[in-house]
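Morning, everyone. I have one structure to go through today, and I'll keep to what was computed from the coordinates. Please have it open while I talk.

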Amino acid sequence: LLLRKFLRQNHISRELGSQITHYVDFILKLRHKRVHISKVQFLSFLSGPLHIDLQTELFSPTLSWHPCFTQLDCTSRVVMREI
């Protein structure tokens, strides 16, 4: 509501205003879909090894897209966990 008012008051074209509004809506929906790790206070109580296990499971799917990390994961899980 405030964004639309701002766009109107500053004579932003409907086309650009629509693009901006759609983009902001998209970002807001994306932020509400995922809970960021920093928002879960209880995770700060995890022991070091549990925290590393959590980080490994969180980031392994992303890292595994790169052939270097895939190979590293196959040869040395300990090193991969430290990354």
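Thr21 is buried, because its relative accessible area is 10% and the cut-off for buried is under 20%. Before I go further: this is a predicted model. Thr21 sits in helix H2. What does Thr21 touch, leaving out residues up to four places away in sequence? The contacts on that count are Leu3, Arg4 and Leu7. Helix H1 covers 2–9, so take those three contacts as the place where Thr21 of H2 meets H1.

For the chain as a whole, buried residues are 6% of the 83 residues. The accessible surface of the chain comes to about 7,800 Å², and 63% of that is supplied by carbon and sulfur atoms. On secondary structure, there are five helices and zero strands. In sequence order the pattern reads α-α-α-α-α.

Now the loop between H1 and H2, where we find His11. The phi of His11 is near 55°, which is a positive value in a residue other than glycine. As a general point, most residues other than glycine have a negative phi. Is His11 buried or exposed? His11 counts as exposed, because its relative accessibility is 72% and the threshold is over 50%.

Moving along, the next loop runs between helix H2, 14–33, and helix H3, 48–63, and it contains Val40. Val40 is partly exposed, because a relative accessible area of 32% falls between the 20% and 50% cut-offs. Val40 also belongs to a nonpolar patch on the surface, together with Val35, Phe42 and Phe45. Those four residues have about 480 Å² of accessible area together.

Last, H3 itself. How far apart are the end C-alpha atoms of H3? They are 21 Å apart, and the expected span for its 16 residues at 1.5 Å a residue is 22 Å, so the two agree. The expected figure uses one less than the number of residues, which is why you should not multiply by the full count. H3 does bend, by about 30° at Glu57. A proline, Pro61, follows Glu57 within four residues.

To recap the places to look at: Thr21, buried in H2; His11, with its positive phi; the nonpolar patch that includes Val40; and the bend at Glu57 in H3. That's what I have.

Conventions. Residues are numbered from 1 along each chain as its sequence is written. This is a predicted model: local features need pLDDT of at least 70, side-chain atom pairs count only at pLDDT 80 or more; totals for chains, interfaces and linings use all residues. Side-chain values use heavy atoms; hydrogens and water are left out. Patches are made of residues with over 30% relative accessible area and no salt bridge: like charges are joined within 9 Å, nonpolar side chains (Val, Leu, Ile, Met, Phe, Trp, Tyr) within 5 Å. Accessible areas come from the Shrake-Rupley method with a 1.4 Å probe; for residues, only the protein chains shown count as cover. A salt bridge is a side-chain nitrogen of Lys or Arg within 4 Å of a carboxyl oxygen of Asp or Glu. Helices (H or I, at least four residues) and strands (E, at least two) are DSSP runs, numbered from the N terminus. Buried means under 20% relative accessible area, exposed over 50%, partly exposed in between (1.4 Å probe, protein chains only). The bend at a residue is the angle between axes fitted to the seven residues ending there and the seven starting there. Contact means heavy atoms within 4.5 Å.
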